[in-house]
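Please look over the sequence and the model shown below before reading on. The report that follows goes through the chain part by part and asks a few questions on the way.

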Amino acid sequence: MSNQNTGIWGIIITSLLALLGMSVSTLLTGHWDIQLKKKEFQSQLIMKALESPDVEERQIFLQFLLDSNLIDDEEIKQGLSKYSSHGKEKAIPPQYFIAE
């Protein structure tokens, strides 16, 4: 193999590794962006559920979020379950006020 062929193969391999690195980086960034948007959406849903001045409405809305699997984080589900309409503890969910 000549010196020139070795140089070309080096460039090709380097280019392929660079493309692979960029592809993996793009996929990971996209994945984490989606995860962040999901968390943001779920937080907004929970805050919306806590807006009602009526305790029972807040409990029913939280139960709906749990039953419909709109909240998929297990720790958050466990935390919300004690405030939901079917929760064992029947804790009163706090009301979230929107400052205008």
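Is Glu51 buried, partly exposed or exposed? The model is a predicted one, and in this model Glu51 has a relative accessible area of 23%, so Glu51 is partly exposed. The reasoning needs two cut-offs, because a residue counts as buried under 20% relative accessible area and as exposed over 50%, with partly exposed in between.

## The chain as a whole

The chain has three helices and zero strands, and when it is read along the sequence it follows the pattern α-α-α. Its radius of gyration is 25 Å, well over the 13 Å that the globule rule gives for 100 residues, so the chain is more spread out than a compact globule. The C-alpha trace, taken along its principal axes, spans about 80 × 35 × 15 Å. Of the 100 residues in the chain, 19% are buried.

## Helix α1 and the nonpolar patch

Helix α1 runs over residues 3–49, and Trp32 is one of the residues in it. Which residues make the nonpolar surface patch of about 1,200 Å²? The patch is made by Ile8, Trp9, Ile12, Ile13, Leu16, Leu17, Leu19, Leu20, Met22, Val24, Leu28 and Trp32. Trp32 has a relative accessibility of 57%, and because of this value Trp32 counts as exposed.

## Salt bridges

How many salt bridges does a search of the whole structure find? The search finds four, and the table includes three of them, each with the distance between nitrogen and oxygen.

| Residues | N to O distance |
|---|---|
| Lys39 and Asp73 | 2.8 Å |
| Glu51 and Lys48 | 3.3 Å |
| Glu74 and Lys77 | 3.9 Å |

Consider the pair of Lys39 and Asp73, whose closest N and O atoms are 2.8 Å apart. Lys39 lies in helix α1, whereas Asp73 lies in the loop between α2 (55–67) and α3 (74–81), so this pair ties together parts that are 34 residues apart in sequence. With a relative accessibility of 40%, Lys39 counts as partly exposed.

In the pair of Glu51 and Lys48, the two side chains meet in a salt bridge. Glu51, as noted above, is partly exposed, and Lys48 is partly exposed with a relative accessible area of 46%.

The pair of Glu74 and Lys77 has both of its residues in helix α3, three residues apart, which is about one turn of the helix. Is Lys77 buried or exposed? Lys77 has a relative accessible area of 19%, so Lys77 is buried, whereas Glu74, with a relative accessibility of 52%, counts as exposed. Both values can be held against the cut-offs, because buried means under 20% and exposed means over 50%.

## Helix α2 and the loop after it

Helix α2 has 13 residues and reaches 18 Å from its first C-alpha to its last, which is close to the 18 Å expected at 1.5 Å a residue. Which residues of α2 are buried? They are Arg58, Gln59, Leu62, Gln63, Leu65 and Leu66. When α2 is seen down its axis, its buried residues fall within an arc of 155 degrees, so they line one face of the helix. The face turned away from this buried side carries the exposed residues Glu56 and Asp67.

Leu65, which lies in helix α2, is buried with a relative accessible area of 0%. Leu65 and Leu50 are 15 residues apart in sequence, and their C-alpha atoms are 12 Å apart in space.

Just after α2 comes Asn69, which takes a positive phi of about 60 degrees. Asn69 is found in the loop between α2 and α3, and its positive phi occurs in a residue other than glycine.

## The segment after α3

Where is Ser84 found? Ser84 is found in the segment after α3, and Ser84 is buried, with a relative accessible area of 1%. The C-alpha atoms of Ser84 and Phe41 are separated by 19 Å, while the two residues are 43 residues apart along the chain.

Definitions and conventions: Residues are numbered from 1 along each chain as its sequence is written. This is a predicted model: local features need pLDDT of at least 70, side-chain atom pairs count only at pLDDT 80 or more; totals for chains, interfaces and linings use all residues. Side-chain values use heavy atoms; hydrogens and water are left out. Patches are made of residues with over 30% relative accessible area and no salt bridge: like charges are joined within 9 Å, nonpolar side chains (Val, Leu, Ile, Met, Phe, Trp, Tyr) within 5 Å. Accessible areas come from the Shrake-Rupley method with a 1.4 Å probe; for residues, only the protein chains shown count as cover. Helices (H or I, at least four residues) and strands (E, at least two) are DSSP runs, numbered from the N terminus. Buried means under 20% relative accessible area, exposed over 50%, partly exposed in between (1.4 Å probe, protein chains only). The expected span of a helix is 1.5 Å times one less than its number of residues. The arc is that of the directions from the helix axis to the C-beta atoms. The radius of gyration is taken over C-alpha atoms; the globule rule is 2.2 Å times the number of residues to the power 0.38.
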